[in-house]
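Please open the model in your viewer and keep the selection panel at hand. The stops below go from the whole chain to a single site.

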Amino acid sequence: QVQLVESGGGLVQPGGSLRLSCAFSGGSFVINNMGWYRQAPGKQRDVVASIAWGGGTFYADSVKGRVTISRDNAKNTLLLQMNSLKPEDTAVYYCYLDTPQREYWGQGTQVTVSA
């Protein structure tokens, strides 16, 4: 069974940085796309950044220039480096993995940006 284990969330002051990690496990599978979504209270879950199997990346306009998505294939780990954080970045961040058969989601990790 495929599992996604996230880490790195927490409380940070405005202007600070965090790095989120997502470790994939559960066997061998084909990956179409992977990335990070976030959901604030009362809001829709929206994509933050994604990276395709071929290496192409996508960033939401709200985070462009402030976040970087990357992956470590040897460790089956997805990373999201977040800098210059703003209060509006506060949300639960979810790791996801897209395969030809289905999507997989992490449990979510809370990111709170507050003074």
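What follows is a short tour of a predicted model, taken one selection at a time.

Begin with the whole protein chain in cartoon form, coloured by secondary structure, where you will find eleven strands and zero helices, so that the order read along the sequence is β-β-β-β-β-β-β-β-β-β-β. The radius of gyration is 14 Å, close to the 13 Å that the globule rule gives for 115 residues, and the protein chain is therefore as compact as a globular protein of that length. If you turn to the principal axes, the C-alpha atoms fill a box of roughly 45 × 25 × 25 Å.

Next, switch on the surface of the protein chain, which exposes about 6,400 Å², with carbon and sulfur atoms supplying 47% of that area. Beneath the surface, buried residues account for 39% of the 115 residues. If you then display contacts between residues at least 6 apart in sequence, 54% of them join residues at least 24 apart.

Now move to the largest pocket, whose volume is about 260 Å³. Select F29, I31, M34, N73 and N76, which are the closest to its centre among the 15 residues that line this pocket. Which strands should be selected alongside them, as each supplying at least two residues of the lining? They are β3 (18-25), β7 (67-72) and β8 (77-82). As a last step, colour the lining of the largest pocket by residue class, which separates six nonpolar, seven polar and two charged residues.

Methods. Residues numbered from 1 in each chain as written. Predicted model: local features only at pLDDT ≥ 70, side-chain atom pairs only at ≥ 80, totals over all residues. Heavy atoms only, no water. 1 Å grid on protein atoms, 1.4 Å probe; cavity = no way out; pocket = protein on both sides within 12 Å on 5 of 7 lines; lining within 4 Å. Points joined across faces, edges and corners; volume = space filled by probe spheres on them. Helix = DSSP H or I, 4+ residues; strand = E, 2+ residues; numbered from the N terminus. Nonpolar A, V, L, I, M, F, W, Y, C, P; charged D, E, K, R; others polar. Rg over C-alpha atoms; globule rule 2.2 N^0.38 Å. Buried < 20%, exposed > 50% of the residue type's maximum accessible area, 1.4 Å probe, protein only. Contact = heavy atoms within 4.5 Å. Areas by Shrake-Rupley, 256 points an atom, 1.4 Å probe, with all protein chains shown as cover.
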